[in-house]
Protein chains: 2
Amino acid sequence: MYEKYVKILKDHTLKVTSPRLEILKYLDEHHIHPNVEEIYSALKKKHPSLSRTTVYNSLETLKKNKIIRSLTISGSELRYDIEEGMHHHFICTQCGAIIDIAISCPNMDRTIQGGHRVEEVQGYFKGICKKCQTKEKGRNNNG
Amino acid sequence: MYEKYVKILKDHTLKVTSPRLEILKYLDEHHIHPNVEEIYSALKKKHPSLSRTTVYNSLETLKKNKIIRSLTISGSELRYDIEEGMHHHFICTQCGAIIDIAISCPNMDRTIQGGHRVEEVQGYFKGICKKCQTKEKGRNNNG
DNA sequence: TACTAAATTGTAATCATTACAAATTAGAAA
DNA sequence: TTTCTAATTTGTAATGATTACAATTTAGTA
Ligand SMILES: [Mn+2]
Ligand SMILES: [Mn+2]
Ligand SMILES: [Zn+2]
Ligand SMILES: [Zn+2]
């Protein structure tokens, strides 16, 4: 069940703790780019002793070890992503959903830009998602 | 002095007010992608009656009218940019500087991605800026 | 099994942003 | 030019995300 996540932590010489395993599992099973509150309240149900601060601490540790990434796309809170492989993100300004955009970009692999050493690249698209466009049309037809 | 900014506001049928003019002027003359606090404290010197809330309100109005853009690159606060023309941004994790990256990207102009309607595109690069790399080298040689 | 550095926990700051109501004012109308 | 009013500005009080910190617990080692 958790072997996969145990391995990840051990490979990074991180202590294997329950909060870390649960957070990894949650992110692995929920590719919705959740914020801290979503992760916390989901895990709190199963592990009532869990502290919000632990979620913050653990996410920070996982991020420093490049096991997960944080997204600044929302502008008001960090969103977390365990998915590997370079991909970009779309945020719907209507429903707030954050969706993977699987495109490759010639600039994504560059390690130097304008003389600056690039360590991370994030491509953000903002607009109205497919689902919300459908709802919009429905409203127009019925209104 | 301010005619240029008066024109911008009038073209958008926005009321011409002192805070709006000063904010536009400040952003136009300081392409450093400042946060609210930087704008506020810079303008407060000349206009002691200025309120921080007004800076927030004005920036929001200018943004809604697409006169300026906000960047979520820092993750902790919004940064503002009046520059026109599509360009991307680099943030230095050492000194915090946010620098324009003048590259064109085939995905920047797309209005649809994965079926989603794209209204805004932001490309963020994170790493160590040119200046901080030089400092780093200096330290290494002298240390 | 005992030890210790690291992790977890809970509470109290802090910081950015928003809510709100009162005072002021830009621009339209008279 | 004066009057009027909706929009804007202002100050203060929430709110929400994140960080600081000290006490408690625990994973991994000896
Ligand atoms: Mn993703
Ligand atoms: Mn810029
Ligand atoms: Zn949507
Ligand atoms: Zn730098």
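## A guided tour from a strand pair to two metal sites and a DNA strand

Begin in chain A by selecting strands β3 (residues 88–92) and β4 (residues 98–101), which pair in the antiparallel sense over 4 bridges. The model on the screen is a predicted one. Within this pair, select A:His88 and look across to β4(A), where its bridge partner is A:Ile101. Then follow the chain through the hairpin that links β3(A) and β4(A), which has 5 residues between the strands. In this hairpin, select A:Gly96, whose phi angle is positive, near 85 degrees.

Next, keep β3(A) selected and add strand β6 (residues 116–128) of chain A. These two strands run parallel and are joined by 4 bridges. To see one partnership in detail, select A:Ile91, whose bridge partner in β6(A) is A:Lys126.

Now display the side chains of β3(A). Which residues point one way from the strand, and which the other way? A:His88, A:Phe90 and A:Cys92 point to one side, whereas A:His89 and A:Ile91 point to the other. Residues on both sides are buried. Because 5 of the 5 residues of β3(A) are buried, the strand is largely enclosed by the rest of the structure.

**The manganese ion**

Remain in chain A and select the manganese ion (ligand 1). Which residues coordinate this ion? The donors are A:His33 (NE2), A:Asp81 (OD), A:His87 (NE2), A:His89 (NE2) and A:Asp100 (OD), at 2.1 to 2.3 Å. A:His89 was met above as a residue of β3(A). Both A:His87 and A:His89 are buried. Along the sequence, the donor residues follow the spacing H-x47-D-x5-H-x1-H-x10-D.

**The zinc ion**

Move to chain B and select the zinc ion (ligand 4). Its protein donors are the SG atoms of B:Cys92, B:Cys95, B:Cys129 and B:Cys132, which lie 2.2 to 2.4 Å from the ion. Why is the arrangement tetrahedral? The 4 donor atoms subtend angles of 105 to 116 degrees around the zinc ion, and therefore the arrangement is tetrahedral. The spacing of the donors along the chain is C-x2-C-x33-C-x2-C.

Within this site, select B:Cys95 and B:Cys129 together. B:Cys95 lies in the loop between β3 (88–92) and β4 (98–101) of chain B, and B:Cys129 lies in the loop between β6 (116–128) and α5 (130–142) of chain B, so the pair ties together parts that are 34 residues apart in sequence. Are these two residues buried or exposed? B:Cys95 is partly exposed, with a relative accessible area of 42%, whereas B:Cys129 is buried, at 3% relative accessibility.

**DNA strand D**

Finally, select DNA strand D and the residues around it. There are 19 such residues, and the closest are A:Val16, A:Leu78, B:Thr17, B:Arg20 and B:Thr54. By class, this surface has 6 nonpolar, 9 polar and 4 charged residues. Three helices each supply at least two of its residues: α4 (52–64) of chain A, and α2 (18–29) and α4 (52–64) of chain B. The largest share, 4 residues, comes from α4(B).

Which parts of the strand face the protein? Of the atoms of DNA strand D within 4 Å of the protein, 70% belong to sugar or phosphate, and the rest belong to bases.

Three individual contacts complete the tour:

- B:Arg20: an N or O atom of its side chain is 2.9 Å from a phosphate oxygen of DNA strand D.
- B:Ser51: a backbone N or O atom lies 3.3 Å from a phosphate oxygen of the strand.
- B:Thr53: an N or O atom of its side chain is 3.1 Å from a base oxygen of the strand.

Notes:
Residues are numbered from 1 along each chain as its sequence is written. Chains are lettered from A and ligands numbered from 1 in the order in which they are written. This is a predicted model: local features need pLDDT of at least 70, side-chain atom pairs count only at pLDDT 80 or more; totals for chains, interfaces and linings use all residues. Side-chain values use heavy atoms; hydrogens and water are left out. A residue is near a molecule or strand if one of its heavy atoms lies within 4 Å of it. A polar contact is a pair of N or O atoms within 3.5 Å; within protein, one must be able to donate a hydrogen and the other to accept it, and residues adjacent in sequence count only if both atoms are side-chain atoms. Ala, Val, Leu, Ile, Met, Phe, Trp, Tyr, Cys and Pro count as nonpolar, Asp, Glu, Lys and Arg as charged, and the others, Gly among them, as polar. Donors are N, O and S atoms within 2.8 Å of the metal (3.2 Å for Na, K and Ca); water is not among the atoms, so sites may look incomplete. Four donors count as tetrahedral if all angles lie between 85 and 135 degrees; four count as square planar and six as octahedral if opposite donors are over 155 degrees apart and all others between 65 and 115; anything else is irregular. Buried means under 20% relative accessible area, exposed over 50%, partly exposed in between (1.4 Å probe, protein chains only). Two strands pair if DSSP finds at least two bridges between them.
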